[in-house]
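Visitor: I would like a close look at one small part of this protein. Please start there and then show me what surrounds it.

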Amino acid sequence: MANFNTHLGVAAVGSGMLATLCLQVGLVDAKDAILLASMGVVGGILPDIDLHYSYPSRILFSLLGIVAAFLWVFAAENDLPIIYLWGAGLGVYLIVRYPIWSVFQKLTVHRGAIHSIGVAILFAFATAAISYHFFARPAFISWLIAFFIFSGFILHLLLDEMYSVDFMGHRLKKSFGTALKLIDYKDKTSSAVIILAIVGLWFVTPDTRAFIDTITSPETYRVISERLL
């Protein structure tokens with residue numbers, strides 16, 4: 001499979017190019033373009049959170065801990081002492097970073113249920129819902145952020161499959177087919193939980209009409225064609 005630096009580099013280049021396109025055709029402003037590129041990079045290393053005791057896993061759970069801590073602090077009552085908010089936020093971060101990370105490591109297998117298109121959809125739905133409900137971003141922007149997470153995730157799976165092909169020896173390695181799959185048919189329990197989570201999250205995601213209308217509009221691609229050349 002591709003190593004961490006490869007996944008990081010390809011995700012950065014791919015998401016950066018796509019974010020630049022969104023900026024230049026007027027879909028987002030500069031601040032949102034930077035956010036989109038960052039989310040594409042996060043999506044590009046997200047599948048490796050199941051790689052036991054790896055840098056991607058620790059980095060991602062650190063980021064998740066920070067996000068969870070800020071969400072708790074921002075959602076707390078304003079009349080609480082600042083010291084209390086800081087302490088509670090630190091506690092939330094430590095719980096996500098260590099106990100939850102440790103349990104996750106024990107319950108997951110690398111290239112198992114996490115390495116699937118189903119989980120890419122799950123993270124996309126979760127991202128759209130969090131962006132819309134917790135950070136009050138417009139529905140269109142929330143889905144655009146979710147799309148970058150999804151795209152980075154899928155790019156990671158495609159890279160892993162490409163590295164499973166020995167082009168010089170004209171053969172497929174044993175790892176071929178373990179990364180890019182709809183769901184993990186071997187782990188039916190995990191796959192069932194993922195499917196149920198996708199269905200549940202769908203009901204709390206923002207309206208998709210603005211996003212779908214934009215990406216299916218001929219006018220969007222006319223502007224892209226003009227700006228591209």
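Visitor: Take A136. Does A136 count as buried or exposed?

Guide: A136 counts as exposed, because its relative accessibility is 65% and anything over 50% falls in that class. Keep in mind that this is a predicted model. You will find A136 in the loop between α5 and α6. Its backbone has a feature to note. The phi angle is near 55 degrees, which is a positive value in a residue other than glycine.

Now look at the two helices on either side of that loop. Helix α5 covers residues 117-133 and helix α6 covers residues 139-162. Aromatic rings link them. The whole structure holds seven aromatic pairs. One of them joins F123 and F153, with ring centres 5.9 Å apart. The planes stand at 40 degrees, and the pair is tilted. F123 belongs to α5 and F153 to α6, so this pair ties together parts that are 30 residues apart in sequence. The two partners sit in unlike surroundings. F123 is partly exposed, at a relative accessible area of 24%, whereas F153 is buried, at 0%.

The rings of F125 and W143 also pair. Their centres are 5.9 Å apart and their planes meet at 85 degrees, so this pair is edge-to-face. Once again distant parts of the chain are linked: F125 is in α5, W143 is in α6, and 18 residues separate them. Both F125 and W143 are buried.

Another link between positions shows up in the backbone. S151 is a residue of helix α6. The C-alpha atoms of S151 and I121 are 9.9 Å apart, while these positions lie 30 residues apart along the chain. S151 is partly exposed, because its relative accessibility is 24%, between the cut-offs of 20% and 50%.

Next, follow W143 to a loop further along the chain. P206 lies between α7 and α8. P206 touches W143, and its other contacts include A128, A129, Y132, A139 and S142. That count leaves out residues up to four places away in sequence. P206 is buried, because its relative accessible area is just 5% and the limit for that class is 20%. From P206 to I130 the C-alpha distance is 9.7 Å, although the two are 76 residues apart in sequence. So where does A136 differ from P206? Both residues are in loops, A136 in the one between α5 and α6 and P206 in the one between α7 and α8. But A136 is exposed, and P206 is buried.

Helix α6 has a further role in the interior. The largest nonpolar core holds 36 residues. Those with the most contacts inside it are V28, L36, I49 and L144. Several helices each supply at least two residues of this core, among them α1 (4-24), α2 (30-45), α5 and α6. The largest share comes from α6, with 11 residues. In soluble globular proteins, nonpolar side chains tend to be buried together. L144 makes the picture concrete. Setting aside neighbours within four places in sequence, L144 is in contact with V28, L36 and F211. F211 is also part of an aromatic cluster, together with F140, F147 and F148.

Charge meets ring elsewhere in the model. R97 lies over the face of Y98, 4.7 Å from the ring centre. The charged end of R97 also sits over the ring of W101, at 4.9 Å from its centre.

Step back to the whole protein. Nine helices and two strands make up its secondary structure. Six helices come before the two strands, and the remaining helices follow, in the order α-α-α-α-α-α-β-β-α-α-α. Of the 229 residues, 39% are buried. The exposed area is about 13,100 Å², and carbon and sulfur atoms supply 72% of it.

How far can you trust the picture? The average pLDDT is 84, and 85% of the residues score at least 70. Confidence is highest in helix α8 (residues 209-216), at a mean of 94, and lowest in strand β1 (residues 165-166), at 47. Residues 166-170 have a pLDDT below 50, and this stretch has three contacts beyond near neighbours in sequence. Where pLDDT is low, the predicted coordinates should not be read in detail.

How values were computed: Residues are numbered from 1 along each chain as its sequence is written. This is a predicted model: local features need pLDDT of at least 70, side-chain atom pairs count only at pLDDT 80 or more; totals for chains, interfaces and linings use all residues. Side-chain values use heavy atoms; hydrogens and water are left out. Rings of Phe, Tyr and Trp (its six-membered ring) pair if their centres lie within 6.5 Å; planes under 30 degrees apart count as stacked, over 60 as edge-to-face and the rest as tilted. Helices (H or I, at least four residues) and strands (E, at least two) are DSSP runs, numbered from the N terminus. Buried means under 20% relative accessible area, exposed over 50%, partly exposed in between (1.4 Å probe, protein chains only). A charge sits over a ring if NZ of Lys or CZ of Arg is within 6 Å of the ring centre and within 35 degrees of the ring normal. pLDDT is the predictor's confidence in each residue, from 0 to 100. Contact means heavy atoms within 4.5 Å. A nonpolar core is a set of buried Ala, Val, Leu, Ile, Met, Phe, Trp, Tyr and Cys residues joined through side-chain atoms within 4.5 Å. Accessible areas come from the Shrake-Rupley method with a 1.4 Å probe; for residues, only the protein chains shown count as cover.
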